[in-house]
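Visitor: I would like to learn how to read a structure like this one. Could you take me through a few features, one at a time?

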Amino acid sequence: MTRAEAVGEALRILAPRLPAFETDSVLARALASPGLRNASPETAAWLALVAFARHVFTEYESYLEEGYDRDSARHFVLDELNETLRGWGVRRTLSEDVEEPDEG
């Protein structure tokens, strides 16, 4: 199994209702990110999915542009981000207690 296949399978299990065109974008992010190259397929799928959802489906970028720091911007979009993930069938949720690595 190739890395792309392994990450794709992990993504399908993680987010079973993620549309195919979104899956392609998340998979591309996971495979292109230098920070995810050595991560397990499951970790790469999770981190790429969260980063994709945060940047595309929330106002995260707007908060950053307004001058908020990364942690504050993440706080403001947390509920919206979790709602997006739930919509894709993701059972895991994010909380403010969990520190995430920088997005690749």
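**Reading the features**

Guide: Arg12 is partly exposed, because its relative accessible area is 47%. Keep in mind that this is a predicted model.

Visitor: How is a label such as "partly exposed" assigned, with which limits?

Guide: A residue under 20% relative accessible area is called buried and one over 50% exposed, so partly exposed covers what lies in between. Glu9, at 34% relative accessibility, also counts as partly exposed.

Visitor: With which residue does Glu9 form a salt bridge?

Guide: The general idea comes first. Side chains of opposite charge can pair when their charged atoms come close. In this model, Glu9 pairs with Arg12, and their closest N and O atoms are 3.3 Å apart. The limit for such a pair is 4 Å, so this one qualifies as a salt bridge.

Visitor: Where do Glu9 and Arg12 sit, and how many residues apart are they?

Guide: Both belong to helix α1, which covers residues 3-14. They are 3 residues apart there, so about one helical turn separates them.

Visitor: How many salt bridges does a search of the whole structure find?

Guide: The search gives 1 salt bridge.

Visitor: Which residues gather in a patch of negative charge on the surface?

Guide: To read a patch, look for residues of like charge that are grouped on the surface. Here the group consists of Glu59, Glu61, Glu65, Glu66, Asp79, Glu80, Glu83 and Glu96. Two elements, α4 (60-65) and α5 (70-87), each give two or more residues to the negative patch. The largest share, 3 residues, comes from α5.

Visitor: Is Glu83 buried or exposed?

Guide: Glu83, found in helix α5, has a relative accessible area of 55%, which means that it is exposed.

Visitor: Now the interior. How many residues has the largest nonpolar core?

Guide: A core is read as a set of buried nonpolar residues joined through their side chains. The largest one here has 26 residues, and Trp46, Leu49, Leu85, Trp88 and Val90 have the most contacts inside it. Helices α1, α2 (20-32), α3 (41-57) and α5 each supply at least two of its residues. The greatest contribution, 9 residues, is that of α3.

Visitor: How far apart in space are Phe52 and Val26?

Guide: For such a pair, put the separation along the chain beside the distance between C-alpha atoms. Phe52 and Val26 are 26 residues apart in sequence, and their C-alpha atoms are 6.2 Å apart. Phe52 lies in helix α3 and, at 7% relative accessibility, counts as buried.

Visitor: What are the two separations for Val77 and Arg54?

Guide: They are 23 residues in sequence and 7.6 Å in space, C-alpha to C-alpha. Val77 is in helix α5, and its relative accessible area of 1% makes it buried. Another residue of helix α5 is Thr84, buried at 16%. The C-alpha atoms of Thr84 and Ala53 are separated by 7.1 Å, with their positions 31 residues apart along the chain.

Visitor: And where is Ala39 found?

Guide: Ala39 is in the loop between α2 and α3. With 16% relative accessibility, Ala39 counts as buried. Ala39 and Val50 are 11 residues apart in sequence, while their C-alpha atoms are 15 Å apart.

Definitions and conventions. Residues are numbered from 1 along each chain as its sequence is written. This is a predicted model: local features need pLDDT of at least 70, side-chain atom pairs count only at pLDDT 80 or more; totals for chains, interfaces and linings use all residues. Side-chain values use heavy atoms; hydrogens and water are left out. Patches are made of residues with over 30% relative accessible area and no salt bridge: like charges are joined within 9 Å, nonpolar side chains (Val, Leu, Ile, Met, Phe, Trp, Tyr) within 5 Å. Accessible areas come from the Shrake-Rupley method with a 1.4 Å probe; for residues, only the protein chains shown count as cover. A salt bridge is a side-chain nitrogen of Lys or Arg within 4 Å of a carboxyl oxygen of Asp or Glu. Lys and Arg count as positive and Asp and Glu as negative; His and the chain ends are not counted. The place of a charge is taken as NZ of Lys, CZ of Arg, CG of Asp or CD of Glu. Helices (H or I, at least four residues) and strands (E, at least two) are DSSP runs, numbered from the N terminus. Buried means under 20% relative accessible area, exposed over 50%, partly exposed in between (1.4 Å probe, protein chains only). A nonpolar core is a set of buried Ala, Val, Leu, Ile, Met, Phe, Trp, Tyr and Cys residues joined through side-chain atoms within 4.5 Å.
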